[in-house]
Amino acid sequence: MARESRTGREYGLAVGVIGVTLLMGLAVRSRLKIIDVGMLFLLAVVLVAALTRRGPAILSAVLATAAFDFFFVPPYGTFLVDDRGYFFTFAVMLIVASVMGGLTARIKEAAEEAGERGRQVGELYALSRDLASETTAERVIAIARTHLGRAVRAEADLVLARASQPEPWQGGFGALVIPVWPDRPEAGVAILRMDPEARVATEEERRTVRLLLDQVAVALERIGGRPAAGS
């Protein structure tokens, strides 16, 4: 849901920037050469591409091309083009938008992944610190629920001595069921309930959960919460 909202805002930004550029171009059309107006639209396309992802960037290029052709390329008020040289300008706008949009998307995704990884490393450290002095299974379970829920932004539960043997990472868009001890799934599981309408756990989040559960398993073994004996 959050991603859809962000995408909607980016498309809205693309339309808004080109709309403002069109109004600016019309206001100075009589004082600028056609090529200057083309550069103004190209600047708008670059701006949108730098702030959004490829889809909105390409939309801005299409809108910019259409607006430039319709309002500024003779004959005005039509998409007919007398000078075929303007087709080169149109192509440049589309290529710039596609390339810039792709680069921006990769940069943003890398930044988001780095931020997410940093947050999860912090969660691992915080869990280790909080478990260090605990002496009861109840407290370990309570702390584990809090940290697991924060790590993947989901409702988390931890159940020990479960009779069935759940498979790890099952549940699809529903609950994820992960054994506390991978080789002893009947001894306890973590259950993560994520909003099926909003998101699913990423591979990075799944790896983080596994690392968190490894720490929980060690803490439980330390206080006799099981397994250990030959786990």
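Is D130 buried, partly exposed or exposed? Select D130 to begin: its relative accessible area is 26%, so the residue is partly exposed. Keep in mind throughout that this is a predicted model.

**Stop 1: the pair at D130**

Add R129 to the selection. The side chains of R129 and D130 meet in a salt bridge, with N to O at 3.3 Å. R129 has 48% relative accessibility and therefore also counts as partly exposed. A search of the whole structure finds seven salt bridges; two others come up later in the tour.

**Stop 2: the whole chain**

Zoom out and colour by secondary structure. The protein has six helices and three strands. Read from the N terminus, the elements run α-α-α-α-α-β-β-β-α. Of the 231 residues, 38% are buried. Among contacts with a separation of 6 or more, 65% are between residues 24 or more positions apart. Switch on the surface: the accessible area comes to about 12,500 Å², and carbon and sulfur atoms account for 63% of it.

**Stop 3: helix α4**

Select residues 86-131, which are helix α4, and find I95 in that helix. I95 has a relative accessibility of 55% and so counts as exposed. Now select I95, V99, L103 and I107 together. These residues make a nonpolar surface patch of about 380 Å².

**Stop 4: the sheet**

Select 155-160, 175-179 and 188-193, the ranges of β1 and β2 and of β3. The three strands form an open sheet in the order β1-β3-β2, with antiparallel pairing. β1 and β2 stand at the edges with a single partner strand each, so one side of each has no neighbour in the sheet. From one strand to the next, the twist averages 20°.

Now hide β2 and look at the antiparallel pair of β1 and β3, which six bridges join. One place to look is D157, whose bridge partner in β3 is I191.

**Stop 5: helices against the sheet**

Show residues 137-152, helix α5, which lies across β1 and β3 and runs at about 145° to β1. Then bring back β2 and show residues 203-222. This is helix α6, which packs on the sheet and touches β1, β2 and β3. The direction of α6 makes about 45° with that of β2.

**Stop 6: the loop at R153**

Select R153, in the loop between α5 and β1. Check the backbone here: phi of R153 is near 50°, a positive value in a residue other than glycine. Most residues other than glycine have a negative phi.

What does the side chain of R153 meet in a salt bridge? Select E205: its side chain meets that of R153, at 3.1 Å from N to O. The pair links distant parts of the chain, since E205 is in helix α6 and R153 is in the loop between α5 and β1, 52 residues apart. E205 counts as buried because its relative accessibility is 1%.

**Stop 7: along helix α6**

Stay on α6 and select R210 and D214. Both lie in this helix, four residues apart, about one turn. They form a salt bridge, the closest N and O atoms being 3.2 Å apart. The two partners fall in separate accessibility classes: R210 is buried, with a relative accessible area of 18%, while D214 is partly exposed at 33%.

Conventions: Residues are numbered from 1 along each chain as its sequence is written. This is a predicted model: local features need pLDDT of at least 70, side-chain atom pairs count only at pLDDT 80 or more; totals for chains, interfaces and linings use all residues. Side-chain values use heavy atoms; hydrogens and water are left out. Two strands pair if DSSP finds at least two bridges between them. Helices (H or I, at least four residues) and strands (E, at least two) are DSSP runs, numbered from the N terminus. Axes are lines fitted to C-alpha atoms, for helices over the stretch in contact, and angles run from 0 to 180 degrees between N-to-C directions. Contact means heavy atoms within 4.5 Å. Patches are made of residues with over 30% relative accessible area and no salt bridge: like charges are joined within 9 Å, nonpolar side chains (Val, Leu, Ile, Met, Phe, Trp, Tyr) within 5 Å. Accessible areas come from the Shrake-Rupley method with a 1.4 Å probe; for residues, only the protein chains shown count as cover. A salt bridge is a side-chain nitrogen of Lys or Arg within 4 Å of a carboxyl oxygen of Asp or Glu. Buried means under 20% relative accessible area, exposed over 50%, partly exposed in between (1.4 Å probe, protein chains only).
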